[in-house]
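Student: I should like to understand the terms used for this structure. Could we examine them one by one?

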Amino acid sequence: MLTGMDSFQATIDADGRIEPRDAMPEGYRKTLIRQIAQHAHSEIIGMQPEGNWISRAPSLRRKAILMAKVQDEAGHGLYLYAAAETLGVDRADLLDLLHSGKQKYSSIFNYPTLTWADIGAIGWLVDGAAIVNQVPLCRCSYGPYARAMVRVCKEESFHQRQGFEILHTLCNGTEGQKAMAQDALDRWWWPSLMMFGPPDSASTHSEQSMAWGIKRHSNDELRQRFVDMTVPQAGVLGIRVPDDGLSYDEESGHYRFTEPDYTELYDVVKGNGPCNEQRLAHRVKAHEDGAWVREAAAAYAAKKAVRAA
Amino acid sequence: MSIEPLWEVFVRSRRGLSHTHVGSLHAPDATMALRNARDVYTRRQEGVSIWVVRAADITASSPDEKDEFFDPAGDKVYRHPTFYQVPEGVQHL
């Protein structure tokens with residue numbers, strides 16, 4: 001009979017799933033906590049750039065859709081914090097690590113949403129890229145993370161469609177509206193490509209994560225998949241992907257494209273993006289402003305428990 | 001540390017099916033846990049009934065002892081219908 005680490009390796013080798021109380025290497029646990037926490041933080045910080053437009057959505061229909069989407073992001077964050085907690089960490093501690101800057105969130109959310117078209121671009125490109133990243137995570141070797149991803153992916157597909165629909169409407173509107181859609185694509189294209197992380201040659205965590213079945217495809221593979229998926233969609237919209245090096249390679253069936261400037265990615269991750277300070281300050285303020293609600297709920301629960309005793 | 005205890009959430013997706021574990025959440029008491037579970041896990045009408053159970057109240061078997069624990073059923077192949085030979089031609093058995 002296999003116990004402890006032998007059992008872990010045998011499960012990984014057989015493409016099985018590791019569950020919370022199984023023995024696992026400390027590195028596996030730490031990698032997952034880091035990744036799931038970062039993923040959870042990204043979901044809740046990601047509410048901000050879109051929340052920015054709820055009060056200014058152009059119609060009641062768009063407003064209801066955007067609110068549902070932002071609510072989903074909160075839900076996705078909660079699924080993920082719950083998955084992380086199965087590894088023996090506490091959600092409140094993870095939030096402290098986010099608030100003190102010790103844990104990161106996706107750098108894409110450090111860019112501003114300047115126009116309504118940006119809400120379309122986020123749904124189409126940012127959620128599109130997130131789906132490409134997340135679909136393989138549904139087969140992640142860690143059970144609770146994989147199951148959370150199944151739920152997230154199901155919900156995510158409406159996010160991408162509503163974004164595309166926003167841009168499609170703008171692209172079939174006035175010249176000014178189409179120009180607004182083009183401007184959004186121009187600004188979001190490169191940061192979206194950066195969402196897949198550094199190139200394989202410079203990715204620090206990739207190899208071990210692949211061996212552990214946490215990651216199923218390399219950053220560059222996923223980036224290519226995203227480009228192949230997205231470029232024809234831009235064609236349907238009738239707007240131009242801002243890459244002079246973009247061309248279709250008949251032989252491989254893939255698009256060749258220019259790599260984003262990764263120095264920008266590293267710079268934004270370090271905290272120097274256009275909105276890093278604003279995003280974190282807003283998150284900390286929301287957390288602190290909500291403290292009385294948590295305390296009141298706890299006091300009420302304690303009072304009721306005493307009366308019931 | 002979180003001040004609210006952790007609750008495990010089980011959802012019955014429709015009548016006739018059993019409740020299935022969907023995840024967990026923090027809430028100060030059972031009533032709030034139910035409401036939060038509705039908001040977090042059934043935003044698209046995924047359920048007709050929800051159970052919440054304090055995570056601390058669940059006793060679970062340990063993965064380390066899974067062999068000894070489940071072994072006793074391992075050598076009782078005669079519990080399965082396929083163990084028995086049915087003479088050719090016999091029907092409805």
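Student: How many positive and negative side chains does chain A have, and how far apart do the centres of the two sets lie?

Tutor: Chain A has 34 positive and 40 negative side chains, and the centres of the two sets lie 8 Å apart. Lys and Arg count as positive and Asp and Glu as negative, while His and the chain ends are not counted. The place of a charge is NZ of Lys, CZ of Arg, CG of Asp or CD of Glu. In chain B the mean positions of the 11 positive and 13 negative charges are 13 Å apart.

Student: What should be kept in mind about the source of these values?

Tutor: The model is predicted: local features need pLDDT of at least 70, side-chain atom pairs count only at pLDDT 80 or more, and totals for chains, interfaces and linings use all residues. Residues are numbered from 1 along each chain as its sequence is written, chains are lettered from A and ligands numbered from 1 in the order in which they are written, and side-chain values use heavy atoms, with hydrogens and water left out.

Student: What makes up the secondary structure of chain A, and why is chain A called compact?

Tutor: Chain A comes to 13 helices and two strands; helices (H or I, at least four residues) and strands (E, at least two) are DSSP runs, numbered from the N terminus. The radius of gyration of chain A is 21 Å, close to the 19 Å that the globule rule gives for 309 residues, so chain A is as compact as a globular protein of that length. The radius is taken over C-alpha atoms, and the globule rule is 2.2 Å times the number of residues to the power 0.38. Along its principal axes the C-alpha trace of chain A spans about 70 × 50 × 35 Å.

Student: How is chain B built, and what does the globule rule say of it?

Tutor: The elements of chain B run β-β-α-β-α from the N terminus on, which comes to two helices and three strands. Its radius of gyration is 21 Å, well over the 12 Å that the rule gives for 93 residues, so chain B is more spread out than a compact globule. The C-alpha trace of chain B spans about 65 × 35 × 15 Å along its principal axes.

Student: Why is A:Ile122 called buried?

Tutor: Buried means under 20% relative accessible area, exposed over 50%, and partly exposed in between (1.4 Å probe, protein chains only). A:Ile122 has a relative accessible area of 3%, so it is buried. Its place is in helix α6 (residues 116-134) of chain A. Leaving aside neighbours within four places in sequence, A:Ile122 is in contact with A:Pro49, A:Glu50, A:Thr113, A:Asp127 and A:Trp188, where contact means heavy atoms within 4.5 Å.

Student: Is A:Met149 buried or exposed, and where is its place?

Tutor: A:Met149 has a relative accessible area of 0%, so it is buried. Its place is in helix α7 (residues 143-171) of chain A. Outside its neighbours within four places in sequence, A:Met149 has contacts that include A:His39, A:Leu80 and A:Cys138. A:Met149 and A:Tyr79 are 70 residues apart in sequence and 8.6 Å apart in space, C-alpha to C-alpha.

Student: How do you know that A:Cys153 is in no disulfide?

Tutor: A disulfide is a covalent bond between the sulfur atoms of two cysteines. Here it is taken as a pair of cysteine sulfur atoms within 2.5 Å, and by this rule the count comes to zero over all chains. The nearest cysteine sulfur to that of A:Cys153 belongs to A:Cys138 and is 3.7 Å away, so the pair does not meet the cut-off. At 14% relative accessibility, A:Cys153 counts as buried; A:Cys275 is buried as well, at 4%.

Student: Why is A:Asp15 called partly exposed, whereas B:Gln45 is called exposed?

Tutor: A:Asp15 has 44% relative accessibility, so it counts as partly exposed. B:Gln45 stands at 74%, so it counts as exposed. A:Asp15 is found in the loop between α1 (4-13) and α2 (26-45) of chain A, and its phi is near 55°, a positive value in a residue other than glycine. B:Gln45 is in the loop between α1 (30-41) and β3 (49-54) of chain B; its phi is positive, about 55°, although it is not a glycine.

Student: What share of each chain is buried?

Tutor: Buried residues make up 50% of the 309 residues in chain A and 24% of the 93 residues in chain B.
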